[in-house]
Amino acid sequence: MSTALEDLIFNPPAELASNANAKPEIYEKANADRLGFWDGLAKELVTWFEPYDNVLDDSNPPFFKWFTNGKLNVSYNCVDRHANSHKKDKVAILYESEIGRKVSLTYGQLYIEVNKFANALKEIGVKKGDRVTLYMPMIPEAAIAMLACTRVGAAHSIVFGGFSSEALRDRINDAQANVLITADGNFRRGKPFPLKANVDKALEDTPSIEKVVVVKNAGNEVSFVEGRDVWYHDVMAKAADYCEPEKMDAEDMLFILYTSGTTGKPKGVVHTTGGYLVQTQATMKYVFDIKEDDIYWCTADIGWITGHSYVIYAPLALGATTFMYDGTVDYPEKNRMWDMAERYGVTVFYTAPTAIRTFMKWGAEYPKKHDLSKIRLLGSVGEPINPEAWMWYRENIGSNKAPIMDTWWQTETGAFMITPLPGITPLKPGTATNPFPGIEVDIIDENGNSVEVGYLVIKSPWPSMLRTVYGDDDRYVDQYWKRFGKYYFAGDGAKRDEMGYIWVTGRVDDVLNVSGHRLGTAEIESALIEVKEVAEAAVIGRKHEVKGEAVCAFVILKEGVNNSPELIDKMKKHVATKIGALARPDDIIITADLPKTRSGKIMRRLLRDIAEGRAVGDTTTLADPNVMANLKDKYADTEH
Ligand code: WT7
């Protein structure tokens with residue numbers, strides 16, 4: 001009899017278990033005294049300028065405060081304390097660009113760069129409490145810019161370089177940023193991608209921006225606005241090499257990161273300094289089992305939360321070596337990633353299921369060309385990992401020995417929430433297993449009762465939680481706390497197996513997960529109805545073998561407009577211009593009707609049934625049940 005992959009069990013390798021940072025007592029300790037557990041970690045992992053008086057202030061839920069009145073500086077914790085120790089000459093950041101430019105910065109060198117850029121920021125007018133937008137490639141200067149912002153007490157707002165100029169403009173305006181940091185461009189498949197040109201377009205309508213700092217990276221030609229734009233290397237050349245770090249409160253804002261929600265307007269998720277620095281480090285230390293000589297590579301872009309927490313802040317705060325690659329995964333060949341993993345001697349590797357499925361499709365011959373035997377631990381994040389991809393990852397990248405840490409978390413949670421621990425947890429392909437010690441989650445039904453299959457909630461505040469939606473406390477309360485009162489609702493569905501393991505099944509709200517990137521159906525719909533031929537649009541995610549979900553739009557055209565390939569193309573292009581290439585619809589199905597309830601709500605569930613070829617579910621609440629048969633025919637007739 002064959003065993004289904006998801007029933008296989010992989011015990012921790014004995015050697016890893018005996019040397020692991022996390023021993024089984026960690027769960028007992030956290031269960032016995034949850035706040036005491038976080039208190040211990042806060043004291044161990046953070047260097048405080050002034051101690052906090054309270055671990056958690058829960059007097060005004062859901063506006064929780066952690067480590068109240070504690071004073072610290074994040075750049076001090078990520079750089080100074082290592083630069084002033086035996087780690088001074090240890091490599092902090094390793095970097096390689098697509099065209100092969102290499103940089104290696106020790107903690108001592110990073111210290112100087114961060115101090116200088118912090119002074120440069122002050123010189124151009126950045127003050128404590130300001131917001132600075134970053135629109136940058138994965139270059140060391142991005143890390144330096146983030147750390148320099150934290151040093152002077154300004155919050156950064158990083159906008160992923162793949163977002164369009166309109167998306168950039170909206171995020172700058174929402175944050176009211178006074179400074180923007182960018183680069184001339186970066187290389188994609190060997191060609192320079194013109195970041196600065198996108199910036200110039202966005203800045204036509206961003207009155208708050210006073211200065212733009214441009215890193216010379218790709219060498220492509222750029223236009224400069226006199227008095228507004230300055231080169232990074234020019235301001236650095238004049239900057240003094242010490243800048244006193246601001247004493248920040250544990251609850252001061254560290255950064256804003258925009259993420260998609262269920263309405264058209266992205267939310268500015270706000271993270272603060274103290275709790276964030278505690279939980280990101282704790283999870284990195286215990287889940288990735290970071291040791292002095294590890295070479296750690298997380299493939300996420302700094303434009304996403306994974307890039308913030310696990311490319312920059314957690315690894316640097318722990319004094320580890322973090323590797324950054326700026327480029328495409330198959331340039332010049334499909335073995336690029338494994339070539340770098342071998343050359344740099346990567347020991348811990350963290351990526352997303354969509355990337356693993358892509359590598360899987362290309363075939364095992366590419367990793368096989370390289371010696372990946374140093375990889376001792378693997379991580380996965382972004383969406384549920386299918387057991388086939390999990391097995392392929394373990395066998396081909398993990399040399400059939402490296403445990404896979406399937407880490408469930410969100411932009412809002414800041415750090416891992418549900419994850420195995422490598423020396424403790426027996427693994428099953430496809431499940432993130434258990435809550436991290438000190439984290440309390442449950443699966444509940446509509447009425448808040450604990451069930452085996454239902455909504456995933458977090459039952460108590462955690463240190464790295466979001467504090468609000470920037471400028472919109474009401475939206476924070478409505479979005480995350482309204483549905484279940486005292487529990488944080490994550491937007492995901494989940495089930496529990498007989499071992500008590502949690503299997504996250506995916507979003508249950510109108511949020512899509514395309515290649516691990518988050519998109520709101522409402523955002524794409526509002527872009528589509530801006531096209532003048534479009535009367536109405538409904539967007540869903542349909543299952544996609546590599547991307548996880550593909551964007552699928554059902555569109556009603558205005559009276560008298562005829563469908564044509566040019567029109568379909570125009571709609572797809574408009575979405576890409578409006579949001580970014582990642583939101584471009586895979587399919588657009590032109591239809592005369594959409595399935596709606598009598599109150600006019602579009603039933604996206606039924607559209608998903610059609611797009612995924614399932615028997616259509618309950619249609620009794622539809623205003624016009626005939627709509628479904630027509631739609632099915634239309635879907636079958638459309639190329640996809
Ligand atoms: C959503 C959060 C956290 C960094 C990347 C995405 C899904 C994330 C897992 C996982 C199952 C996962 C959830 C979550 N997700 N990791 N290990 N297993 N689902 O951050 O853009 O904030 O998206 O990604 O649906 O709610 P994000």
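Hi everyone, this is a short tour of one buried valine and a few salt bridges in a predicted model.

First, the ground rules. Residues are numbered from 1 along each chain as its sequence is written. Because the model is predicted, local features need pLDDT of at least 70 and side-chain atom pairs count only at pLDDT 80 or more, while totals for chains, interfaces and linings use all residues; side-chain values use heavy atoms, leaving out hydrogens and water.

Let's start with Val-457, which sits in strand 22 (residues 453-458); strands are DSSP runs of E, at least two residues, and helices are runs of H or I, at least four, numbered from the N terminus. Val-457 is buried, at 0% relative accessible area, where buried means under 20%, exposed over 50%, and partly exposed in between, with a 1.4 Å probe and protein chains only. Among its contacts (heavy atoms within 4.5 Å) are Glu-440, Phe-484 and Tyr-488.

Now, how many salt bridges are there? The count is 45, taking a side-chain nitrogen of Lys or Arg within 4 Å of a carboxyl oxygen of Asp or Glu.

One of them pairs Arg-376 with Asp-289 at 3.1 Å, N to O. Both partners lie in loops, and the pair ties together parts that are 87 residues apart in sequence. Asp-289 is buried, at 1%.

Next, Arg-518 and Glu-412 have their closest N and O atoms 2.7 Å apart. Arg-518 is in strand 27 and Glu-412 in a loop, so this bridge joins parts 106 residues apart in sequence. Here Arg-518 is buried at 14%, and Glu-412 is buried at 1%.

Technical notes: Lists of a residue's contacts leave out its neighbours within four places in sequence.
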